[in-house]
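Me: I'd like a close look at the charged side chains and how they pair up. Once that's done, please carry on to the helix packing and the odd spots in the backbone.

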Amino acid sequence: TALWARNSQVSGAGARDDVVVLALDQRSLDAPELRNLPRALFSPIWAETLNGLGQADAAAVAFDFLLSFSSGQFKAGHDREFQKALFRYGDRVVLGRSAGTLPAKSYLAALRFDPTALGLLELLPDTDGVIREFPLSHGDKNAGDDVAVRSLSAAALAKAGIGQALPPRIIPSPRQHPEAMPTYALVDVLRCMRTAPDVVKKTFEGLLVFIGSVLPDEDRRISAARYLPPANPIDSNSMKGCQLPRLGPSKANSHTVPGVYLHAMAAQAAISGNWVRPAAPLWRAVIAAALGLAGALLGLFLAPWGAFLCVFILAGLVWSAEAGALEFGLWLPAFAPILALFLTTVLAYLVRYLVSDRRRRMIQNAFGRYLAPSVVEALSESPDQLRLGGTLGDVTVMFADLSGFTALSTRTSPEELVTLTNEYLAIIADEVDASNGYVDKFIGDAVMAIWGAPIKSDQHAMEASRAALRIVDEIAK
């Protein structure tokens, strides 16, 4: 078809749109032609609209309305013209239905009870309420054609001869706001059909036409393209004669759009080929696993600030890759890989902390009673200095002995001797600890202290000498 021949065109500036919206807006409802007619009795209006679009050679016409009410029961023959139009253009018309409600039987009869002339109106949002995916059929295809029901957009595409090579679901990659799609007011089109059908033919020939409500408070949905700028409105009041100005946003400063635009957007994406193909589950799993491994390595080998800086950089690169892949029609969800990156980094740090804390407690329990707290802390920070069997290196050893201790012990009582000895040994031990040394052992009144082991120091001889001088001074005092 002419539509399929243009499927390489992306809807937007400089490219012809293949789908248009015929809008039932507030201005149309307030027009003299429609003002006094309840919407439930619009079948003559729909008949005139369908006849005009059929004569204009529209590729397909889809009604985004659930026409479950037949006004013929109140006024005989009120629906007759619409039934005739449905019968005449049944090969190009699609009526909306819901999961549990069909159009009126008189309309179904006019369509020869053709199931392909019906399309589901339901739009399924994601968990955040945003509509991103459009299944082209609902139900179990393996159970039979009467169970699998096409969506409104899929049914309209099939009526236009498109749909043989389409995926099961369409994920549009919108380049413009949904309401930037060509939209015409119902009353403007009706007036042109009566006065200038050639203008209508020029406008709608070969296109898919979706007819639906664009009222500000009716059938509003959240679209994935909600942040794109909408089209600018056109003042149609200044136009004379048969004019078909495009409508602007149906509701200013709103993140919602009428549902008819989403059906139309899915159809336009299918025709243009501008839809997103999700990455294969295997590749998504591989990428998530690779980032998870990267997060674990960062958590195990880098300092916290450096690891999380790298995590944020990697997360930004993954998010940018997702955005860039969308430009090429590939959807690679970034949430799972980024989540794996953060979780494995945190988990690696928890494991690292538990192992480090256990090692620290082991060292403290083993050496806390014998070494100065500063030495124990240094060993906890650098446990690689502890090796079974020892190491070979230069150290400084000091032996301090109390001169005349034997003679002193014969002149003092045992209690005074113990007090004096403890005071003397405490002075030595404090000075040793304060100079990065440690007391290896007490031998009666003698002390053996070491510098340069187990904590390495290039100044161990200087530290030991200064400690010895301070000990001499303190003992003299």
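Reply: Here is a walk through the salt bridges, followed by the helices and a few single residues.

One thing before we start: this is a predicted model, so read every number below as a value computed from predicted coordinates.

Let's begin with the pairing itself. Side chains of opposite charge can pair when their charged atoms come close. The cut-off for calling that a salt bridge is a side-chain nitrogen of Lys or Arg within 4 Å of a carboxyl oxygen of Asp or Glu. Apply that rule and you end up with 16 salt bridges.

A good one to zoom in on is the pair made by aspartate 188 and arginine 27, whose side chains meet at 2.6 Å, N to O. Aspartate 188 belongs to helix α7 (residues 186–195) and arginine 27 to helix α2 (residues 26–30), so this salt bridge ties together parts that sit 161 residues apart in sequence. What about cover on either side of the pair? Aspartate 188 counts as buried, because its relative accessibility is 8%, and the line for that is under 20%. Arginine 27, on the other hand, comes out at 28% and counts as partly exposed.

Now put aspartate 440 and lysine 441 next to that. Their side chains also meet in a salt bridge, with 2.7 Å from N to O. Here both partners are partly exposed: aspartate 440 has 31% relative accessibility, and lysine 441 has 37%.

If you care about how the cut-off behaves, look at glutamate 474 and lysine 477. The closest N and O atoms of this pair are 3.8 Å apart, and the pair still counts because the limit is 4 Å. Glutamate 474 is partly exposed at 31%, whereas lysine 477 is exposed at 77%.

Not everything comes as a simple pair, either. Asp57, Lys201 and Glu205 are joined in a network of salt bridges.

Next, the helix packing, where glutamate 474 gives us a handy way in. Helix α16 runs over residues 460–476, and its axis comes within 9 Å of the axis of helix α15 (residues 414–434). The two cross at roughly 150°. Angles over 145 degrees count as roughly antiparallel, so α15 and α16 get that label. Their crossing is right-handed.

Which other helices can we set beside them? Helix α10 (residues 281–301) and helix α11 (residues 304–326) have axes that come within 9 Å, crossing at roughly 165°. That makes α10 and α11 roughly antiparallel to each other, too. This crossing is right-handed as well.

Staying with α10, have a look at glycine 295, which is in that helix. Glycine 295 is buried, with a relative accessibility of 0%. Its C-alpha is 7.7 Å from that of alanine 340, although 45 residues separate glycine 295 and alanine 340 in sequence.

Tyrosine 261 tells a similar kind of story. This tyrosine is in helix α9 (residues 259–272) and is buried at 1% relative accessible area. Tyrosine 261 and valine 20 are 241 residues apart in sequence, while their C-alpha atoms are 9.0 Å apart in space.

From cover to surface: what sits out there without charge? Val346, Leu347, Leu350, Val351 and Val355 make up a nonpolar patch, together showing about 430 Å² of accessible area. One of them, valine 351, is in helix α12 (residues 335–367). Valine 351 is partly exposed at 43% relative accessible area.

Last, the backbone. Where does phi go positive in a residue other than glycine? Arginine 112 is one such spot, with phi near 60°. Arginine 112 lies in the loop between α5 (105–110) and β4 (118–120) and is partly exposed at 49%, which means it stays short of the over 50% needed for exposed. Asparagine 253 is another, with phi near 55°. That asparagine is in the loop between β12 (220–223) and β13 (256–258), and at 86% relative accessibility it counts as exposed.

If you open just one view, I'd pick aspartate 188 with arginine 27: a buried acid and a partly exposed base, 2.6 Å apart from N to O.

How values were computed:
Residues are numbered from 1 along each chain as its sequence is written. This is a predicted model: local features need pLDDT of at least 70, side-chain atom pairs count only at pLDDT 80 or more; totals for chains, interfaces and linings use all residues. Side-chain values use heavy atoms; hydrogens and water are left out. Patches are made of residues with over 30% relative accessible area and no salt bridge: like charges are joined within 9 Å, nonpolar side chains (Val, Leu, Ile, Met, Phe, Trp, Tyr) within 5 Å. Accessible areas come from the Shrake-Rupley method with a 1.4 Å probe; for residues, only the protein chains shown count as cover. Helices (H or I, at least four residues) and strands (E, at least two) are DSSP runs, numbered from the N terminus. Buried means under 20% relative accessible area, exposed over 50%, partly exposed in between (1.4 Å probe, protein chains only). Axes are lines fitted to C-alpha atoms, for helices over the stretch in contact, and angles run from 0 to 180 degrees between N-to-C directions. Angles under 35 degrees count as roughly parallel, over 145 as roughly antiparallel, 65 to 115 as roughly perpendicular and the rest as oblique. A crossing is left-handed if the near helix is turned anticlockwise from the far one by less than a right angle, and right-handed if clockwise.
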